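Student: I should like to examine one part of this protein closely and then see how the rest is arranged. Could you take me through it in a connected account?

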Amino acid sequence: MSRDEYFFVKNNKENIKDLQMLADILEAINKGYFHYELPITLDEIKEIASDRNNSYYRIFSIKKRNGNKRQISAPNNRLKEIQNCIRILLTSVNHRGKSIIDYAKPHVGKDIVYNMDIKDFYPSINASQIIPVFFSKFKNYEVALLLTSLVTMRSKSGIPVLPQGAPSSPAISELVLKNLDRKLSGYSERHGFQYSRYVDDITFSCSRTQKWITFAAVFNMIINSEGFQINKKKSRVSFYYQRQEVAGLTVNEQLNVTNKYIKQLRTILHNWEKDGYVLASNKFLMHYYKNMTNAKDFIPKMEHIVAGKLSYLKMVRSYKRKKNSEIPHPEFDFFEAIGISYTKPDENEYTIIKTSDPVWEKLHDRYVALRVRDFNIINGYEDDLKLQKCVYRYGDDAGPLVYAVRNDDSEQWRIIKIYRNGVWRNGDEEEAYRLRYGC
């Protein structure tokens, strides 16, 4: 994006005068941030907005963990590109939303935690709620109407609603729910308890002396007044003597993942250390596909998934709840020494601070050591003179050509590459079996 284009978007995105200016701003965002091949024109977005048959969406279902199905409405590639530009227009390229850490932190160490879930969240947001939000933001009704048509699809009853699967839906839902957040947070502040929302998950927490049943009833009334409904099947209350969870995180004493999560990580690393990379990877992938409700077509690498799990563990467990008396405050000692008055934090109060976690450090060190140990096998390098190498057809003459290695004659051959479409690609025995027998 050139300097002129940058200031054109910055100076006009809050006051779009007409539809042509809207198309020009979306195209400037496209050129500056995404570099999509086709330019965004006014005629094209008008044509897409005039569709009434959901022609630009692919509708399918995926399984939830509880066995039910969730409907996904995925826009085609072109509409997705335009919706990505709209998403940047509504936020900014440097926008950073709240994470589950921000959502869960206020509820750490509370006596009572109450979780709610908005029923059919995205499809329950319709055009009558979106158009006023766009009009108040851009001060132009035609612009608001066109944008609404670009980011909504027709429900079975013919009402334009937010599709679950569009990249613009989260940003729009945040704008629509600002009024709901203001009401709920204001009520929470007046009555002295904690409230937070993460997309469609709503949580409040309070002490055991407060009337949590009354709070829950008032929350329900406020949410209904804004046109939403609570999913009663997902509403739950947990007390201090039970395991309290917020967005999958335990919040009883500290922000933490479940014990099962850490045990799974330790098991993967133990199998990798004991059985070697290839056998551990095959065992992991069998378990992965058995337990994933919506496994992807591509084969994930064990080390990449382990790295992701370790990053998540570090993010969660680096936040610790400590008493103010346990936290050093050298600035207060300095103020006291020079005779300046100050307000020292109550030593019996708690503060959540960011610190290191020994559990993560130990698991991470094991992971790094194993990556170094099996570097050649993971990357398929051929310059390790200790490895024996061979090339053969997997299964029979109809099988794929595979490249295998082993350390000595006592070991089984480990497939590290498969010849496909004229190129050697990284692979393993499970992938070779799938290519040969089609399963």
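Tutor: The account below begins with one sheet and its surroundings and then turns to the helices and the second sheet.

The model is a predicted one. The protein contains 17 helices and 16 strands, and 41% of its 439 residues count as buried. Among contacts with a separation of 6 or more, 62% are between residues 24 or more positions apart.

The part chosen for a close look is an open sheet of 4 strands, with antiparallel pairing and the strand order 6-7-3-8. Strand 6 (194-198) and strand 8 (236-239) are at its edges; each has a single partner strand, so one side of each is left without a neighbour in the sheet. From one strand to the next, the twist averages 15°. Strand 3 (residues 112-117) runs antiparallel to strand 8, and 4 bridges join the two. Within this pair, Val113 stands opposite Ser238 of strand 8. Helix 9 (residues 178-191) packs on the sheet, where it touches strand 6 and strand 7 (201-206). The direction of helix 9 makes about 160° with that of strand 6.

Asp111 deserves attention in this region. This residue lies in the loop between helix 5 (100-104) and strand 3. Its relative accessibility is 17%, and because buried means under 20%, Asp111 counts as buried. Leaving aside residues up to four places away in sequence, Asp111 touches Cys206, Ser207, Arg208, Ser238, Phe239, Tyr240 and Gln244. Ser238, one of these contacts, is also the residue that stands opposite Val113.

The next topic is the packing of helix against helix. Helix 6 (residues 127-138) and helix 8 (residues 169-176) pack with their axes 10 Å apart, at an angle of about 80°. Helix 6 is therefore roughly perpendicular to helix 8. From helix 6, the residues Gln129, Ile130, Val133, Phe134 and Lys137 take part, and they meet Ile172, Leu175 and Val176 of helix 8. By class, the residues of this contact divide into 6 nonpolar, 1 polar and 1 charged.

A second helix pair is formed by helix 2 (residues 19-34) and helix 4, whose axes are 9 Å apart and which pack at an angle of about 95°. This angle makes helix 2 roughly perpendicular to helix 4. On the side of helix 2, the contact involves Leu22, Ile25, Leu26, Ile29, Asn30, Tyr33 and Phe34. On the side of helix 4, it involves Asn84, Cys85, Ile86, Arg87, Ile88 and Leu89. The contact of helix 2 with helix 4 has 10 nonpolar, 2 polar and 1 charged residues.

Helix 4 (residues 77-90) can be described further. It has 14 residues, and the distance from its first C-alpha to its last is 20 Å, close to the 20 Å expected at 1.5 Å a residue. Helix 4 is mostly covered, with 11 of its 14 residues buried. The buried residues are Arg78, Leu79, Glu81, Ile82, Gln83, Asn84, Cys85, Ile86, Ile88, Leu89 and Leu90. Several of these names recur in the contact with helix 2, including Asn84, Cys85 and Ile86.

Further along the chain is helix 11 (residues 259-275), with 17 residues. Its end C-alpha atoms are 24 Å apart, which agrees with the 24 Å that it should span at 1.5 Å a residue. Buried in helix 11 are Tyr261, Ile262, Leu265, Ile268, Leu269, Asn271 and Trp272. Gly276, just after helix 11, takes a positive phi of about 90°.

The account ends with another sheet. This open sheet of 4 strands has antiparallel pairing and the order 13-14-15-16. Its edges are strand 13 (388-393) and strand 16 (423-426); each has a single partner strand, so one side of each is left without a neighbour in the sheet. Here the twist averages 30° from one strand to the next. Strand 14 (residues 401-406) and strand 15 (residues 414-420) pair in the antiparallel sense over 5 bridges, and Tyr403 has Lys417 in strand 15 as its bridge partner. Helix 17 (residues 429-437) packs on this sheet and touches strand 14, strand 15 and strand 16. The direction of helix 17 makes about 40° with that of strand 15.

Technical notes: Residues are numbered from 1 along each chain as its sequence is written. This is a predicted model: local features need pLDDT of at least 70, side-chain atom pairs count only at pLDDT 80 or more; totals for chains, interfaces and linings use all residues. Side-chain values use heavy atoms; hydrogens and water are left out. Two strands pair if DSSP finds at least two bridges between them. Axes are lines fitted to C-alpha atoms, for helices over the stretch in contact, and angles run from 0 to 180 degrees between N-to-C directions. Contact means heavy atoms within 4.5 Å. Angles under 35 degrees count as roughly parallel, over 145 as roughly antiparallel, 65 to 115 as roughly perpendicular and the rest as oblique. Ala, Val, Leu, Ile, Met, Phe, Trp, Tyr, Cys and Pro count as nonpolar, Asp, Glu, Lys and Arg as charged, and the others, Gly among them, as polar. The expected span of a helix is 1.5 Å times one less than its number of residues. Buried means under 20% relative accessible area, exposed over 50%, partly exposed in between (1.4 Å probe, protein chains only).
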